[in-house]
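Biologist: Hello! Please take a close look at a single part of this model, a pocket of your choice, and then follow its surroundings outward for me.

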Amino acid sequence: MTQTHAAPTTAAGDIRVAVSTVIFSLRRDPGSDRASVVLPLVRRTRDPHEGAWALPGGWLDAAEELETAASRTLAETTGLAPSYLEQLYAFGDVHRSPTRVVSIVYWALLREGPLLAPASENVAWFDAATLPPLAFDHNHIVDYALWRLRNKVGYSRIAHGLLPELFTLADLREVYEAILGRDLDPANFRRQVENSGTLISTEQFRTGSHRPARLYRYNHDVELAERGPLPTEPHPEVLS
């Protein structure tokens, strides 16, 4: 599955373009009462920063669309296919790499569920709040992506990109609490989301040790967020 895309040959002074992705998901650690935001990182196998952890990414091919490159490099390095993908920012500080590299960075969401096994021993999941020193300026990039996520969850329906098709209001609140890093009042949260018009109540319930909890689904007539989710039928070369 993994392919090798060599760095394009450039003359001295030329600028190379790379594409990287910050992909967020949720993890529930045993014994914890709150989910945490996690992301996969890739261990670099060559200089610069050999042995350091870094964001998944790769070089932009000359005839490749940016979003296609983001999905391709993410699939090649981690084997993951996100439920949501949006362009974050372009990072091009002159001294961010030994050679001049501009990185077009995307951020993505992976729907909640058992985290997929790493594509290789050089891929691992990390808690976004306790990252080690990363290669290049990738700590700064992750911080910026987290800031964007926390701001966006307040005015958009971005949290649904981290949920399964059917979920309870407690599931949704847990996503908000994980992203914002604080507890939310259950009654106020229920009132706000039920009045938002973004949820559709189903006749299904989740049963267990507590009283049955009604399951909801996202109202697909409402946009997930400004950029929307990935196409429902991505090109097979992107996410195969």
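Modeller: Happily! The second largest pocket is lined by 19 residues, and those nearest its centre are Thr-168, Ala-170, Arg-211, Pro-212 and Ala-213. A pocket here is an open set of points on a 1 Å grid over the protein atoms alone, where a 1.4 Å probe fits, with protein on both sides within 12 Å along at least five of seven lines; lining residues have an atom within 4 Å of a point. This is a predicted model, in which local features need pLDDT of at least 70 and side-chain atom pairs count only at pLDDT 80 or more, while totals for chains, interfaces and linings use all residues. Residues are numbered from 1 along each chain as its sequence is written, and side-chain values use heavy atoms, with hydrogens and water left out.

The volume of the second largest pocket is about 560 Å³, taken as the space filled by probe spheres set on the grid points, which are joined across faces, edges and corners. Its lining has eight nonpolar, six charged and five polar residues; Ala, Val, Leu, Ile, Met, Phe, Trp, Tyr, Cys and Pro count as nonpolar, Asp, Glu, Lys and Arg as charged, and the others, Gly among them, as polar. At least two lining residues come from each of α3, α4 and β10. Helices (H or I, at least four residues) and strands (E, at least two) are DSSP runs, numbered from the N terminus.

Let's follow β10 first. The open sheet it belongs to has three strands in the order β8-β10-β9, with antiparallel pairing. β8 (166-167) and β9 (199-206) are the edge strands, each with a single partner, so one side of each has no neighbour in the sheet. Two strands count as paired if DSSP finds at least two bridges between them. β10 (residues 213-218) is joined to β9 by five bridges, and the two form a hairpin with six residues between them. On its β8 side, β10 makes two bridges. Arg-217 of β10 is the bridge partner of Ile-200, and Leu-166 also stands opposite Arg-217.

Now for the helices. α3 (169-180) and α4 (186-194) each supply at least two residues to the largest nonpolar core. That core has 41 residues, of which Val-22, Phe-24, Leu-39, Trp-107 and Leu-172 touch the most other members. Such a core is a set of buried Ala, Val, Leu, Ile, Met, Phe, Trp, Tyr and Cys residues joined through side-chain atoms within 4.5 Å, where buried means under 20% relative accessible area, by a 1.4 Å probe on protein chains only. α3 gives the largest share of this core, six residues. Beyond its neighbours within four places in sequence, Leu-172 is in contact (heavy atoms within 4.5 Å) with Ala-159, His-160, Leu-163, Phe-167, Phe-189, Val-193 and Leu-199.

β2 is also among the elements that supply at least two residues of this core. Seven of the eight residues of β2 (residues 36-43) are buried, so the rest of the structure largely encloses this strand. β2 pairs antiparallel with β1 (residues 16-27) over three bridges and with β7 (residues 123-127) over five.

Key:
Buried means under 20% relative accessible area, exposed over 50%, partly exposed in between (1.4 Å probe, protein chains only).
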